Structure formats: C-alpha cells, structure tokens
Amino acid sequence: GTRIIYDRKFLLECKNSPVARTLPCCLPQIPGVTSLAQSSPVKLGELKEQKECEEAMPDQDQFEMDI
C-alpha cells in the first residue's frame, strides 16, 4: 500500500471547508455525544438532592454479623 501524506496547510484548509462542517445524514441523536446535552434544571436539582441524601446517610456495614 501507498501512504498519502498531507501537509499542515492543506489539513487546516480542510477543517474550515463547508463539507467538514455538515453533519452526516444518518447520525443518531445521542444527547451529550452527537448533540448538545439538554438537561433540565429539574433533573439537575434532583441529582443534587440525591447526592446530598447519600452524603447525609452514615456509612453502614454491608452485612450485619450476629456473634
């Protein structure tokens, strides 16, 4: 096989081309990966409350032992 070597100037020009800026037609919509993450403030508040509840709970042993 032959190897194609591109120079830096050509690659920088390709970065700004319209073809490089358009998304593929069959790209799935995955929030946070292929599209901007759209998390509502309600969900963020719920996550904060859940984390606070977990921090407030004292550490418990996984198993209780009867001696």
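Student: Where does Tyr6 sit in this chain?

Tutor: Tyr6 lies in the segment before helix H1, and that helix covers 8-15. Keep in mind that we're looking at a predicted model.

Student: Is Tyr6 buried or exposed?

Tutor: Somewhere in between. Tyr6 has a relative accessibility of 48%, so it counts as partly exposed.

Student: How many aromatic pairs does the structure hold, and how do I read one?

Tutor: A pair of aromatic rings is described by two things, the distance of the centres and the angle of the planes. This structure holds 1 such pair. It's made by Tyr6 and Phe10: the ring centres are 5.4 Å apart and the planes meet at 15°, so the pair is stacked. Stacked is the right word because the planes are under 30 degrees apart.

Student: And Phe10, what is its relative accessible area?

Tutor: For Phe10 the value is 36%, which makes this residue partly exposed.

Student: Which residues form the nonpolar patch on the surface?

Tutor: The patch brings together Ile4, Tyr6, Phe10 and Leu11. Together they have about 430 Å² of accessible area. So both partners of the stacked pair turn up in this patch as well.

Student: Let's zoom out. What secondary structure does the protein have?

Tutor: You'll find 3 helices and 0 strands. Reading from the N terminus, the order is α-α-α.

Student: What share of the 67 residues is buried?

Tutor: Buried residues come to 0% here. As for the surface, the protein has about 7,400 Å² accessible, with 58% of that belonging to carbon and sulfur atoms.

Student: Where is confidence highest, and where is it lowest?

Tutor: Helix H1 has the highest confidence, at 92, while helix H3, residues 41-56, has the lowest, at a mean of 60. Over the protein, pLDDT averages 75, and 58% of the residues score at least 70.

Student: How many disulfides does the structure hold?

Tutor: First the idea: a disulfide is a covalent bond between the sulfur atoms of two cysteines. In this model the count is 0.

Student: Why is there no bond from Cys25 to Cys26?

Tutor: Look at the sulfurs. The closest cysteine sulfur to that of Cys25 belongs to Cys26, and at 3.4 Å it's too far for a bond. The cut-off for a disulfide is within 2.5 Å. Cys26, likewise, is in no disulfide.

Student: Are these two cysteines buried or exposed?

Tutor: Cys25 is exposed, with a relative accessible area of 77%. Cys26 counts as exposed too, at 68% relative accessibility.

Key. Residues are numbered from 1 along each chain as its sequence is written. This is a predicted model: local features need pLDDT of at least 70, side-chain atom pairs count only at pLDDT 80 or more; totals for chains, interfaces and linings use all residues. Side-chain values use heavy atoms; hydrogens and water are left out. Rings of Phe, Tyr and Trp (its six-membered ring) pair if their centres lie within 6.5 Å; planes under 30 degrees apart count as stacked, over 60 as edge-to-face and the rest as tilted. Buried means under 20% relative accessible area, exposed over 50%, partly exposed in between (1.4 Å probe, protein chains only). Patches are made of residues with over 30% relative accessible area and no salt bridge: like charges are joined within 9 Å, nonpolar side chains (Val, Leu, Ile, Met, Phe, Trp, Tyr) within 5 Å. Accessible areas come from the Shrake-Rupley method with a 1.4 Å probe; for residues, only the protein chains shown count as cover. A salt bridge is a side-chain nitrogen of Lys or Arg within 4 Å of a carboxyl oxygen of Asp or Glu. Helices (H or I, at least four residues) and strands (E, at least two) are DSSP runs, numbered from the N terminus. pLDDT is the predictor's confidence in each residue, from 0 to 100.
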